[in-house]
Amino acid sequence: MIVAVGKDEEKIKESLEEMKGLCKTLGVEVVEWLWQKRAKPDPATYLGKGKLQKLKEVVEFCEADLVVVDDEITPVQYKNMQSELNVDVLDRTQVILEIFARHATSEEGKLQVEMASLLYELPRLVGKGEELSRLGGGIGTRGPGEPLLEVLRRHIKNRIAQLRKRLKEIEQERNTQRKQRLEKKIPHVSIVGYTNAGKSTLLKVLTDSDVYVADKLFATLEPVTRRLKLKSGRVILVSDTVGFIRKLPHTIVSAFKATLEEIKYSDVLIHLVDASDPYLEEKMKASEKVLEEIGADKIPRILVFNKIDLCPRERIETLKWKYPEALFISAEKRIGLDQLLDRLEEVISQRDVQETLKVPLEKIGQIYALKDRLEILNEDYREGYALITLKTDRETLEMLKRKVAS
Ligand SMILES: Nc1nc2c(ncn2[C@@H]2O[C@H](COP(=O)(O)OP(=O)(O)OP(=O)(O)O)[C@@H](O)[C@H]2O)c(=O)[nH]1
Ligand SMILES: [Mg+2]
């Protein structure tokens with residue numbers, strides 16, 4: 001059973017569709033769903049009283065054993081719904097957290113998920129404290145339940161502090177790696193976009209490597225980076241990223257900050273969009289918003305529509321008309337990858353400068369040692385020296401000039 005409340009019917013339906021996908025990812029079978037058109041959820045029961053009764057009937061009729069709310073609900077709403085319906089209740093944040101928990105494999109991923117869960121739990125302990133107090137039959141200002149709540153709260157806070165410290169250490173390790181990468185000046189491209197757009201598939205086919213792909217939401221929690229050699233011989237790094245989603249719970253954004261922020265250090269972004277998705281515009285906006293939030297909205301971006309093998313021709317024509325700068329590919333069927341590689345090369349080389357260097361023959365090796373980072377356009381050998389025309393980024397050029405200067 002899924003329930004939702006909102007003003008705009010279209011939006012609710014769209015979001016419900018997505019929640020069905022999230023439930024499927026968790027292996028939960030959705031038997032029925034229901035929504036209520038109202039300006040705001042009821043503060044006590046989320047749905048209005050009448051609708052909640054209706055929900056109860058449907059739950060009983062369908063013998064549902066779980067109700068999923070497509071929103072983050074308050075502890076009070078949670079408690080009231082649960083006791084009224086007599087079945088388990090999960091909200092949107094918990095569903096996403098559960099998916100994250102199942103998909104995390106690395107130490108960092110697991111710690112981030114634990115952190116997000118604790119951040120979610122902490123403000124919700126209050127409601128539980130009241131329960132504990134009442135159970136203890138406490139009267140006055142300090143019920144017998146209260147100290148227990150304090151113990152629990154302190155415990156959670158300590159654990160959060162521990163997690164924060166360890167995550168900071170991991171981040172520092174990553175900073176060192178990133179610094180090395182920046183020093184080596186290897187261009188870094190990140191594939192970003194809504195969950196299930198095909199980001200991992202694209203990384204896999206571009207780099208001919210083994211990357212986890214699945215028809216699930218949030219299949220990727222730990223970004224993978226692979227080397228890719230472009231046609232000119234230049235080597236770049238390509239990263240897969242955690243998928244974006246609407247209403248990404250705040251606790252998750254904060255716990256996954258480090259992972260998301262990696263995107264900020266890319267030279268180019270590939271914004272991948274599932275062209276066959278009826279709600280792609282909403283999802284593009286949601287991705288846009290996350291990019292802004294993490295400060296990655298100024299990075300040069302290539303808009304790429306994926307899964308064109310699933311689209312009728314008219315749909316692609318409409319998209320082409322609407323987004324004339326976009327590229328159209330099918331990662332799975334390997335359609336359009338050449339154009340994407342060309343565009344990547346183009347965007348990366350836009351940062352490049354072209355120059356002809358006079359290089360003494362005994363120093364030619366210096367140039368070839370760096371061939372991963374530059375493109376040689378022309379070589380003209382003369383007596384004792386060569387005129388080499390090359391294209392590379394400014395820093396590499398400066399370094400080369402120093403090296404070959406006699
Ligand atoms: N038909 C078709 N399916 C595709 C294409 N590209 C990817 N898929 C499928 O789409 C699903 C999601 O692909 P992933 O590569 O895991 O997507 P993702 O963007 O990495 O997803 P998350 O990691 O969950 O954010 C898989 O079932 C893929 O096989 C394509 O070009 N055509
Ligand atoms: Mg993925």
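In strand β3, Val69 is the bridge partner of Val3. This pairing belongs to a predicted model. β3 spans residues 66–69, and its pairing with strand β1 is parallel, over two bridges.

Strand β1 has a second partner. With strand β2, residues 33–37, β1 pairs in the parallel sense over five bridges. Here Ala4 stands opposite Trp35 of β2. Helix α1, residues 9–25, joins the two strands in a further arrangement: β1, α1 and β2 form a β-α-β unit, and the unit is right-handed.

The residues of β1 point in two directions. Ile2, Ala4 and Gly6 point one way, while Val3 and Val5 point the other way. Residues of both groups are buried. Because five of the five residues in β1 (residues 2–6) are buried, the strand is largely enclosed by the rest of the structure.

The protein chain as a whole is divided into domain 1 (2–99), domain 2 (104–166), domain 3 (186–349) and domain 4 (352–404). Between the C-alpha centres of domain 1 and domain 3 the distance is 31 Å. The two domains touch: 10 residues of domain 1 are in contact with 10 residues of domain 3. On the domain 1 side, the elements that give two or more residues are α1 and α4 (92–103). Helix α1 supplies the largest share of that side, five residues. By class, the side of domain 1 that touches domain 3 has three nonpolar, four polar and three charged residues. Helix α1 thus appears in two settings, in the β-α-β unit with β1 and β2 and on the side of domain 1 that touches domain 3.

Attention now turns to an annotated site. In an unreviewed UniProt entry, the annotation "binding site" covers Ser200 and Thr220. They are spread over 21 residues of sequence, yet they cluster in space, with a largest C-alpha distance of 7.6 Å.

Ser200 lies in helix α8, which runs over residues 199–207. Ser200 has 22 C-beta neighbours inside 10 Å and therefore counts as buried, the cut-off being 20 or more. Residues up to four places away in sequence aside, Ser200 touches Val211, Tyr212, Val213, Ala219, Thr220 and Asp240.

Thr220 has its place in the loop between α8 and β6 (225–229). Thr220 is also buried, because 23 other C-beta atoms lie within 10 Å. Leaving aside neighbours within four places in sequence, Thr220 is in contact with Lys199, Ser200, Tyr212, Asp240, Val242 and Gly243. The two annotated residues are thus in contact with each other. Tyr212 and Asp240 appear in both lists, touching Ser200 and Thr220.

Pro324 offers a contrast in burial. Pro324 sits in the loop between α12 (313–322) and β10 (327–328). With 7 other C-beta atoms within 10 Å, Pro324 is exposed, since the cut-off for exposure is 12 or fewer. Pro324 and Leu303 are 21 residues apart in sequence, and their C-alpha atoms are 9.9 Å apart in space.

Methods: Residues are numbered from 1 along each chain as its sequence is written. Chains are lettered from A and ligands numbered from 1 in the order in which they are written. This is a predicted model: local features need pLDDT of at least 70, side-chain atom pairs count only at pLDDT 80 or more; totals for chains, interfaces and linings use all residues. Helices (H or I, at least four residues) and strands (E, at least two) are DSSP runs, numbered from the N terminus. Two strands pair if DSSP finds at least two bridges between them. A crossover is right-handed if, with the strands pointing away from the viewer, the path from the first strand over the helix to the second runs clockwise. Domain bounds come from an automatic or database domain assignment. Two residues are in contact if their C-beta atoms, placed from the backbone, lie within 7 Å. Ala, Val, Leu, Ile, Met, Phe, Trp, Tyr, Cys and Pro count as nonpolar, Asp, Glu, Lys and Arg as charged, and the others, Gly among them, as polar. UniProt positions are given in the numbering used here, feature names are shortened, and annotations may be inferred rather than shown by experiment.
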